[in-house]
Amino acid sequence: MLKGKKIILGVTGGIAAYKSAMLTRLLIKQGAEVKVIMTEDAKAFVTPLTLATLSKHPIHSAMVANEQTGEWSNHVELGLWADLLLIAPATANTLAKMAHGLCDNLLLATYLSARCKTYIAPAMDLDMFAHTATQNNLEKLRQYGNIVLPVEDGELASGLSGKGRMLEPEAILDFLIQHTTATQKLKGKRVLVTAGPTYESIDPVRFIGNHSSGKMGFAIAETFARHGAKVTLISGPTDLQLQHENISRINVTSAEEMYDKTIKLFSKTDIAVMSAAVADYTPEKVSITKIKKSGNELHLKLLKTKDILAELGRIKNKKQILIGFALETDHELENARKKLKAKNLDFIVLNSLKTAGAGFSHDTNKVTIIHKNGSVQEFKLKSKSEVANDIVNQIIELVHA
Ligand code: CTP
C-alpha cells in the first residue's frame, strides 16, 4: 500500500539510527521510493553508504553539497518531491528544533518546506522522553499537524529501562500503512468507542482496576477516523494519546461515569464499539478517608455495575450498529455467542487469551468475529492496528450492505 509513494526518511543522531537500514529496506520492499536525509550526527551511527545502497539513491546531508562547485542541496525541491516525510529516529534535539522552527541543517530545512504529512518516530532515553520540555515539544508538533508515532517501553541503550525506545521498523511500517490508507467510506457517520479500563475507588488512594491498556480501542477509534467518521472516544485511565483530529476524547474513571457518558451520546450515534474493560463490580461504599490497616482480614462488599453494552443493546434502534467484545477463558465460542444474543449485538469480537502475544497490554491481538447471522471469522495474530482494520472493515460491510 506504500507502492509508488515518495518517502523522505530523515535520520538523526541517536543509537536507534542503526534501525534505519532495516526501515529503508522494508519501505523499498513495499514499493516505495525512498530518499534519505541524514544529519551529521546520524553518520556516527550508520554509514551513508549503507543507506544509499539500500535506498538506491545517494543520501542527502549537507546544505552545500559541493563547496568547490557551489552545488547546494535543494531542500525546497526535496520537500515538494515527497508524499511523506518520516523522521526516524527523531532525537530530543531534532524534536525541539522542529517545534521551534529552527533550521540549521538540511533535514530541518526540508521539514519546514515540505507540504506533505510528517511522521515522527521519537527515540531517546526515558528521562529525556518524560521531560516536560520534550512532552511540550511533541504536543506542539502534533498541534502543527504532524503525526507522532508512539514509543516503546523497554530496555534502552543507557541500560535503563522505560519509555523512549523507537518503534521497531516493522511497527513503523505497519503504522504508515494504516495511516496512509484513508478512505471516506464512513464519512458522515458518528461513531462511539469505549476503551481502556475503569477504576473503582475503594478510598482516596486505592481502587479496583484491571490491566487493559486501551490500545485496541484507541486503534479502532483511529481507524474509524481515517475512514472519515466523526469519532467520540470514551476512555478509562490510560496514558495513550490520539493522533487524528476527527476524534474527540472524553476521559472517565469509573464504570458509572463511562455508563453516563456513553448513554448520553448513544442516541446521536450510528455505530458503537464497546471495547472497554469495564469493571463488573464496584465497592458498595467509598471511604472518604484512607482505610487504615487493622484486623487480619478486610471485607469489601461489591455491587454489580450497570452493563453499558447490554443497555445499548436494549435501547438501540434498527439502524444503529452495535459491536461488543468478549474475553473468555473457556467455552469461548459458546460464551461469546450467548453474549452476542443477550446484548443484541451486530457482531462480537472474541479475544483469545490462549494465544501468546494476544490480549491486554500486548501490541498484537488474535480475534474471532461472530456475526448475529451465525457466521464466524477467525483472524490470525496481528498488530492491534491491523485487527482494528479488520473490525472496521466488517463494519463498513454492514454499513454498505
Ligand atoms: N461491558 C460493558 N459494561 C459493563 C461490562 C461489560 O459495556 N459493565 C462490555 C465490554 O465493553 C465488552 C462486553 O461488555 O464489550 C463484554 O464484557 P465481558 O466482561 O467479557 O463480559 P460480561 O458481560 O461482563 O460477562 P463476564 O464477565 O461474566 O464474562
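A residue is taken as buried when its relative accessible area is under 20%, and in this predicted model Cys-116, with a relative accessible area of 16%, is therefore buried. Cys-103, by contrast, counts as partly exposed because its relative accessibility is 42%. The two cysteines can be considered together with respect to disulfide formation, for which the sulfur atoms of a pair must lie within 2.5 Å. By this rule the count comes to 0 disulfides; the cysteine sulfur nearest to that of Cys-103 belongs to Cys-116 and is 15 Å away, and Cys-116, whose nearest cysteine sulfur is in turn that of Cys-103, is likewise in no disulfide.

As regards the overall fold, the protein chain comprises 13 helices and 23 strands, and buried residues account for 50% of its 401 residues. The radius of gyration is 24 Å, which agrees with the value near 21 Å that a compact globule of 401 residues would have, while the C-alpha trace spans about 80 × 60 × 35 Å along its principal axes. Among contacts between residues at least 6 apart in sequence, 66% join residues that are at least 24 apart.

The largest nonpolar core contains 35 residues, and those with the most contacts inside it are Val-11, Leu-27, Leu-86 and Ile-172. Two or more residues are given to this core by each of several elements, namely strands E1 (6-11), E2 (33-38), E5 (84-90) and E6 (117-122), together with helices H1 (20-29), H2 (48-55) and H8 (169-180). For Val-11, when residues up to four places away in sequence are not counted, the residues touched include Val-36, Ile-37 and Met-38, as well as Leu-51, Ala-88 and Leu-107. A second, separate core of 32 residues includes Ala-195, Phe-218, Ala-225 and Val-273.

An open sheet of 8 strands, with mixed pairing, follows the order E14-E13-E10-E15-E18-E19-E21-E22. Its edges are formed by strand E14 (247-251) and strand E22 (376-378), each of which pairs on one side only, and neighbouring strands are turned against each other by 15° on average, direction ignored. Within this sheet, strand E18 (residues 321-328) and strand E19 (residues 347-352) run parallel and are joined by 6 bridges, with Leu-327 standing opposite Asn-351 in E19. Helix H9 (residues 215-226) packs on the sheet, where it touches strands E10 (190-195), E13 (230-235), E14, E15 (271-274) and E18, and its direction makes about 165° with that of E10.

Strand E10 is largely enclosed by the rest of the structure, because 5 of its 6 residues are buried. Its pairing with E13 is in the parallel sense over 6 bridges, and Leu-192 stands opposite Thr-232 in E13. The pairing of E10 with E15 is also in the parallel sense, over 4 bridges, and in this case Thr-194 stands opposite Met-274 in E15.

A further set of contacts concerns Leu-126, which lies in helix H6 (residues 126-130). Leaving aside neighbours within four places in sequence, Leu-126 is in contact with Leu-156, Leu-160, Ser-161, Gly-162 and Lys-163. The C-alpha atoms of Leu-126 and Glu-222, which are 96 residues apart along the chain, are separated by 26 Å.

Terms used. Residues are numbered from 1 along each chain as its sequence is written. This is a predicted model: local features need pLDDT of at least 70, side-chain atom pairs count only at pLDDT 80 or more; totals for chains, interfaces and linings use all residues. Side-chain values use heavy atoms; hydrogens and water are left out. A nonpolar core is a set of buried Ala, Val, Leu, Ile, Met, Phe, Trp, Tyr and Cys residues joined through side-chain atoms within 4.5 Å. Buried means under 20% relative accessible area, exposed over 50%, partly exposed in between (1.4 Å probe, protein chains only). Contact means heavy atoms within 4.5 Å. Two strands pair if DSSP finds at least two bridges between them. Axes are lines fitted to C-alpha atoms, for helices over the stretch in contact, and angles run from 0 to 180 degrees between N-to-C directions. The radius of gyration is taken over C-alpha atoms; the globule rule is 2.2 Å times the number of residues to the power 0.38.
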